[in-house]
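Student: Could you take me through one pocket of this model, with the residues and elements around it?

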Amino acid sequence: MPHGHDAVESTPTKAVHPKAGYILVVDDDPVMRRMIACYFEENNIPVRGAASRQEMSRYFLGPAPCLIVLDIHLGRDDGLDVLREIRSYSDVPVIIMTGHSSDEVDRVVGLELGADDYLTKPFGLRELLARVRAVLRRQEFGRLARGRDPQRGGYRFNGWQLERRDRRLLNPAGEVVALTKGEFALLLAFLGAPQRPLSRECLLQSTRIHEDIFDRSIDVQVLRLRRKLEPDPAAPKIIRTERGIGYTFTALVEPF
C-alpha cells in the first residue's frame with residue numbers, strides 16, 4: 001500500500017450524488033483503512049484515507065469530508081486531541097472507533113468532545129455503514145430543521161407529537177401530556193439526536209438545567225419523562241440507559 005495516500009484515494013467512485021461528499025477514514029492501520037474503504041466503495045460511497053493528524057488536515061484545505069471515521073488510538077497522535085482539533089474548526093460528523101470494550105472513559109470523553117457515535121473494535125462493516133448512514137440522516141434532518149423557523153414545526157415519534165411553537169406534547173390518542181420546562185428541554189434534546197448515545201454532561205448542557213450542578217439531575221428528569229412516555233417505565237424502551245455513558249432515544253423521529 002502506498003505511504004501517505006491510500007490506493008483508494010485516486011479511484012473515482014461511481015453512481016454517487018455529488019452532494020454526498022466523501023467519508024474520511026483516519027486510522028494508522030493500513031489494513032483497517034483499506035478494508036473499510038473497499039467495503040464503502042462496493043456500496044458506492046466515496047472514501048479517502050489518512051494515517052495521521054497531518055494527513056487528515058490536508059483534506060480540509062479543499063472540499064471537506066461529509067463524515068469522519070476516527071480511530072482514537074492513532075499511533076503517535078492522540079485521537080481525542082485530533083477530535084478536539086476537528087471540533088475547533090468544523091462541525092463535520094465524527095464516528096469514533098475504540099479498541100476495547102473496556103475503553104469506557106474514552107467513549108464518554110469522545111462523545112462529550114462532540115463525537116456523533118462510536119464503535120468498539122472488532123465490529124462488522126455492515127454495522128459501520130449503517131451507523132454512517134444514520135448519522136448522515138440525522139445531520140440532514142438537523143440541517144432542514146435549522147432552515148425553518150425555530151419556533152415552528154416539531155417532531156413525531158411512535159405516534160407521539162411534540163409541537164415546538166406551543167410547547168405541547170400530544171400522545172398517540174391526541175391528548176395533551178403536560179411537561180415541565182426541564183422535561184420539555186430534555187425531550188427536545190433527545191429528539192434532536194435520536195438513536196445516538198448522549199452523555200449526561202451533553203444533556204445537561206443541551207437542556208441548560210442549572211438548578212443542580214450534578215449530572216444526576218438529568219437522571220431525575222429522565223425518570224420523570226419515562227413515566228410520561230413509556231408504557232412500562234420500569235422496563236424503558238424509548239429512552240434506553242447506556243451504562244457508563246448516558247442515554248439513547250431509540251425511537252425513529254420525523255421532524256415536521
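Tutor: What follows is a close look at the second largest pocket and one loop residue beside its centre.

This is a predicted model, in which local features need pLDDT of at least 70 and side-chain atom pairs count only at pLDDT 80 or more, while totals for chains, interfaces and linings use all residues. Residues are numbered from 1 along each chain as its sequence is written, and side-chain values use heavy atoms, with hydrogens and water left out.

The second largest pocket (on a 1 Å grid over the protein atoms alone, an open set of points where a 1.4 Å probe fits, with protein on both sides within 12 Å along at least five of seven lines) has a volume of about 220 Å³, taken as the space filled by probe spheres set on the points. Its lining, meaning residues with an atom within 4 Å of a point, holds 15 residues, of which D117, R131, Q195, P197 and R240 are the closest to the centre. Two or more lining residues come from each of β7 (117-120), α5 (125-146) and β13 (239-242), these being DSSP runs numbered from the N terminus (helices H or I, at least four residues; strands E, at least two). The most is given by α5, with five residues.

Q195 belongs to the loop between α6 and β12 (198-199), and Q195 has a positive phi of about 60° although it is not a glycine. At 32% relative accessibility Q195 counts as partly exposed, which lies between buried (under 20% relative accessible area) and exposed (over 50%), with a 1.4 Å probe and protein chains only.
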